[in-house]
Amino acid sequence: METRTLPANPDALTEAAQLLHQGKLVAFPTETVYGLGGLAENLEAVRAIFSAKGRPSTDPLILHLSQPDLSLASADGWVASPLPEAALRLAKVFWPGPLTLILRRGPKVHPEITAGLDTVAVRCPAHPAAQELLQKVGVPLAAPSANRFGRISPTDAEAVRQELNGIIPLILDGGPCALGLESTVVNLVGRSPEILRPGAVTQAQLAKELGQQLVSRQASLKKHEVQPAPGQLVSHYAPQTPLYLCEAPIKNLSPGAFHIFFRKSHQPTGGKSFLLGAEGNLDSAARELYRALRKADSSGAKKILIEPVPEGAWAEAIRDRLGRASSGTAHWDGGAWKFFPKEKP
Ligand code: TXA
Ligand code: MG
């Protein structure tokens with residue numbers, strides 16, 4: 001199949017909506033990462049998403065809504081009523097935006113979207129092209145990140161092409177994603193709200209709105225363990241080159257490795273390296289992280305070394321993704337680099 005990339009202008013958006021209504025898949029920009037969309041009410045399209053990604057059917061999809069008003073989604077049967085107060089509150093404050101809510105599944109949601117769970121993930125993205133597309137389509141799009149399963153999420157149209165060229169008919173190019181890491185996922189089904197995936201909307205912001213602390217469920221599961229919630233595998237979001245988390249700032253380069261720095265003052269001249277954002281600015285570090293990992297993958301380096309993540313609003317989300325992407329830790333013992341692989345998932 002030929003894959004075309006078109007700038008996300010009105011004509012391309014109209015064509016994308018037509019393809020989606022025919023049950024085809026379209027990659028589109030969001031403010032977090034690019035999504036691979038299919039019509040949520042078309043079971044063939046939903047199945048095509050899993051097969052295009054090589055994603056196991058046990059890993060559920062997020063429904064992308066055109067309207068930030070959750071009560072519309074529940075009136076249309078996508079989420080169950082009554083809606084929890086907390087959901088209405090968070091949608092009101094953070095939508096459209098980088099927050100995904102886990103709620104009870106409405107009668108309209110096919111169980112294959114949610115991997116058989118009686119809960120469903122919903123989000124209303126803020127990117128103007130995503131909004132226009134969703135409005136033109138008129139029904140929610142099931143859309144995971146537009147990467148092959150287990151790989152790095154794409155944050156620009158070229159990265160989507162690297163992942164899905166020849167597999168989908170159309171990629172809408174809306175430029176580089178403004179945030180660069182996937183949405184915060186909050187589970188509102190159960191006794192108390194919990195964060196399943198940290199992201200742009202932080203624990204502190206959520207706690208402030210809900211008037212209570214949220215539990216953070218750590219990614220700690222190995223592949224063979226039954227997942228109490230999906231997306232909890234330790235190994236995920238991984239580059240092809242082994243990535244090692246350094247225990248201290250990098251003062252000595254490792255021969256043949258690709259080095260990722262958070263501070264310009266740490267970055268040496270020479271050697272393969274990438275500066276993740278400006279001095280101590282985690283916004284640009286989050287935005288650039290996946291691009292840096294892709295660059296490392298295509299650099300021919302045998303290993304990727306990354307410095308410890310500085311404190312800041314994005315620190316939890318960046319550490320979460322790096323923890324899952326990494327093969328282990330690295331330590332400079334005064335004369336040489338030592339590598340400690342993490343337990344195989
Ligand atoms: O920023 C984002 O959320 C991007 C853009 C495209 O919107 N989407 C995204 O989708 O990251 P995906 O499929 O790559 O990740 C969705 C995560 C997965 O970890 C999945 O397991 C989890 O949400 N999830 C989906 N439905 C769930 C449910 N019912 N219960 C618990 N977790 C769920
Ligand atoms: Mg993903």
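## Exercises on cores, a helix and charged pairs

The largest nonpolar core has 47 residues, and Leu70 and Leu101 have the most contacts inside it. A nonpolar core is a set of buried Ala, Val, Leu, Ile, Met, Phe, Trp, Tyr and Cys residues joined through side-chain atoms within 4.5 Å. Buried means under 20% relative accessible area, exposed over 50%, and partly exposed in between (1.4 Å probe, protein chains only).

This is a predicted model, in which local features need pLDDT of at least 70, side-chain atom pairs count only at pLDDT 80 or more, and totals for chains, interfaces and linings use all residues. Residues are numbered from 1 along each chain as its sequence is written, chains are lettered from A and ligands numbered from 1 in the order in which they are written, and side-chain values use heavy atoms, with hydrogens and water left out.

**Exercise 1.** Find the elements that give two or more residues to the largest core.

*Solution.* Helices (H or I, at least four residues) and strands (E, at least two) are DSSP runs, numbered from the N terminus.
- The helices are H2 (43-53), H3 (70-75), H4 (85-94), H6 (157-164) and H7 (203-210).
- The strands are E5 (99-104) and E6 (119-123).
- H2 gives the largest share, 5 residues.
- Apart from this core lies another, of 28 residues, including Tyr237, Ile260, Ala315 and Ala317.

**Exercise 2.** Which residues does Leu101 contact, leaving aside its neighbours within four places in sequence?

*Solution.* Contact means heavy atoms within 4.5 Å. On that rule, Leu101 is in contact with Leu70, Ala87, Leu90, Ala91, Trp95, Val120, Ala121, Val122, Val186 and Leu188.

**Exercise 3.** Work out where the buried residues of H7 fall around the helix axis.

*Solution.* Start with the residues themselves: Gln203, Leu206, Ala207, Glu209 and Leu210 are buried in H7. Seen down the axis, they fall within an arc of 165°, so they line one face of the helix. The arc is that of the directions from the helix axis to the C-beta atoms. An α-helix has 3.6 residues a turn, so residues three or four places apart point the same way.

Next, take the face turned away from the buried side: there H7 carries the exposed residues Ala204 and Lys208. Then look for the packing partners. The buried residues of H7 pack against H4, E5, strand E9 (184-187), strand E10 (194-197), strand E11 (215-216) and helix H9 (315-325). Last, H7 is followed by Gly211, whose phi is positive, near 70°.

**Exercise 4.** Describe the salt bridges of Glu209, Arg217 and Arg319, with the accessibility of each partner.

*Solution.* A salt bridge is a side-chain nitrogen of Lys or Arg within 4 Å of a carboxyl oxygen of Asp or Glu. By this rule the count comes to 17. Side chains of opposite charge can pair when their charged atoms come close.

1. Glu209 meets Arg89 at 2.6 Å, N to O. This pair links distant parts of the chain, with Glu209 in H7 and Arg89 in H4, 120 residues apart. Glu209 is buried at 19% relative accessible area, whereas Arg89 is partly exposed at 39%.
2. Arg217 pairs with Glu194, their closest N and O atoms being 2.4 Å apart. This pair also links distant parts of the chain: Arg217 is in the loop between E11 and strand E12 (243-246), and Glu194 is in E10, 23 residues apart. Arg217 is partly exposed, at 26%, and Glu194 is buried, at 12%.
3. Arg319 pairs with Glu311, with 3.0 Å between the closest N and O atoms. Arg319 is partly exposed at 36%, and Glu311 is exposed at 64%.

A network of salt bridges links Arg151, Glu163, Arg294 and Asp297.

**Exercise 5.** Which residues come nearest to ligand 1?

*Solution.* A residue is near a molecule if one of its heavy atoms lies within 4 Å of it. Of the 25 residues around ligand 1, Thr32, Asp59, His64, Arg123 and Ser183 come nearest. Polar side-chain atoms then give these distances to an oxygen atom of ligand 1:
- Asp59, 2.6 Å.
- His64, 2.7 Å.

An N or O atom in the side chain of Arg197 is 2.9 Å from an oxygen atom of ligand 1.

Notes. A polar contact is a pair of N or O atoms within 3.5 Å; within protein, one must be able to donate a hydrogen and the other to accept it, and residues adjacent in sequence count only if both atoms are side-chain atoms.
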